[in-house]
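This report considers the ligand site first and then the protein as a whole. Please keep the sequence and the structure in view while reading.

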Amino acid sequence: MATEQIVQAVNAWDVAQQQFDLAAEHLHLSSGLRKVLREPKRELTVHFPVKMDDGSVEVFTGYRVQHNLSRGPAKGGIRYHQNVTLDEVKALAMWMTWKCAVVGIPFGGGKGGVIVDPKKLSLREVEGLTRRFATELSILIGPDKDIPAPDVNTNSQTMAWIMDTYSMHVGYTAPAVVTGKPIPLGGSEGRNEATAQGAVYTIQSAAQHLGIDVPKCRVAVQGFGNAGAIAAQLMHALGCKIVAVSDSTGGIYKAEGFDPSSVLAWKKEHYSVVGFPGTREISNAELLECDCDILIPAALESQITVRNAGRIQARLIAEAANGPTTPEADDILYRDGKFVIPDILCNAGGVTVSYFEWVQDLERDFWDVEQVNAKLHRVMNKAFASTLDMCLKQQVNMRTAAYLVAVQRVADAASVRGIYP
Ligand code: NAD
């Protein structure tokens, strides 16, 4: 409940613009360029009908935002959540622009969302909603224009429906219109694990810089979905103690640690991590402040705020989620000597392997998981090194450093293209 209230109190778009303004100021960007990069290029709002199982008709609202396309087609996930707003989607699209730039992949930023709690719909209703939403988006999406991917409450099945719907419209099979697809449809090996794997690579780099011994660390993970559950499993495989995890229903804690794979099996059966044998129930707010060395927020925005930042005990915070920390909280964490791996760097493994998937689809040539992970490792290490280098040279926190790297790359692309006509 507490986290839900905080989510509503902080506007993600205000946060995204504040973060951009800070970077623009540091980079002395011209006022024209600031005006261009501060706003999204396109925002589409659609209200569309879906036939429900009982024969009634419901109308849903969805959005697709393209923030900046200077470096390539729009790339970004589609989220299904009851709290989705246009401002949230705008923020997520802007963060995608910087994320693609910080890892150096040739995409611009996009994001989509539908206001819906998919857990209240049948599978057939979710399919109907997805196919109609994909149809509404067909004026924007395409392999060279805008390429969606999974995000909160969407997955490879959602992407398969979007790919099929788009392919039916154009009259041929177009795998490269979405990423995060099932492997038999042209999905990439390693994509399902990519966000978490990329986050773990950045944690290893940060630990090396800070002189932290990863296998000795106690880890807490907020959010136990694609990003969080796999991050917990990968950290456990490295020898860490997973002491706390949570989902939308609450959290669990055990100082001696537990096996996240067993928690995942428990969640599949009970639809919650809560109640896992041998653990104590904690709230999502308590999880963030628990006694641990590494904290991995992997749920929603605005979880670490001015209200709790001063009580966070972890030395290293790895933002697998998008936008979990507000700018005021960033200042407190920096003051307290916490090392934050910012979202646009930490969770960029997802979009990086999405890029690999898109390349494989376009070339009709598929790589094995070792190739994918080796390439991902190189990209993440390089992005981490450029960000750390900027952080040390400019004496700024890691988020501002990542923004300086990313915004400069986008600004260079936008400037050299010039203003049409
Ligand atoms: P998901 O739907 O697979 O999992 C989300 C998890 O968060 C679920 O366990 C859910 O129960 C939990 N959750 C929801 N509301 C919560 C709350 N108020 N408190 C605590 N937990 C809550 O989604 P995901 O794909 O893992 O995405 C999680 C975060 O990672 C999001 O911020 C997303 O934008 C970001 N992200 C995901 C990817 C990706 O490839 N999936 C890539 C980059 C960033």
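## Domains and the ligand shell

Domain bounds, as used here, come from an automatic or database domain assignment. With those bounds, and bearing in mind that this is a predicted model, the shell around the ligand draws at least three residues from domain 1 (41-175) and at least three from domain 2 (194-346). In terms of secondary structure, helix H1 (2-9), helix H7 (191-210) and helix H8 (226-237) each contribute at least two residues to this shell.

The ligand is surrounded by 23 residues, of which Asp151, Thr195, Asn226, Ala227 and Asn322 are the closest. By residue class, the shell comprises eight nonpolar, ten polar and five charged residues.

## Polar contacts and coverage

Which atoms of Thr195 lie 2.7 Å from an oxygen atom of the ligand, those of the backbone or those of the side chain? The partner is an N or O atom in the side chain of Thr195, whereas for Phe224 a polar backbone atom is found 2.9 Å from an oxygen atom of the ligand. Arg79 places a polar side-chain atom 3.0 Å from a ligand oxygen atom. Of the 820 Å² of accessible area that the ligand has on its own, the protein covers 91%.

## Overall fold

The protein contains 15 helices and twelve strands. Its radius of gyration is 20 Å, close to the 22 Å that the globule rule gives for 421 residues, so the protein is as compact as a globular protein of that length.

The C-alpha trace spans about 55 × 55 × 45 Å along its principal axes, and 59% of the 421 residues count as buried.

How values were computed:
Residues numbered from 1 in each chain as written. Predicted model: local features only at pLDDT ≥ 70, side-chain atom pairs only at ≥ 80, totals over all residues. Heavy atoms only, no water. Near = heavy atom within 4 Å. Polar contact = N/O pair within 3.5 Å; in protein donor to acceptor, adjacent residues only side chain to side chain. Areas by Shrake-Rupley, 256 points an atom, 1.4 Å probe, with all protein chains shown as cover. Helix = DSSP H or I, 4+ residues; strand = E, 2+ residues; numbered from the N terminus. Nonpolar A, V, L, I, M, F, W, Y, C, P; charged D, E, K, R; others polar. Rg over C-alpha atoms; globule rule 2.2 N^0.38 Å. Buried < 20%, exposed > 50% of the residue type's maximum accessible area, 1.4 Å probe, protein only.
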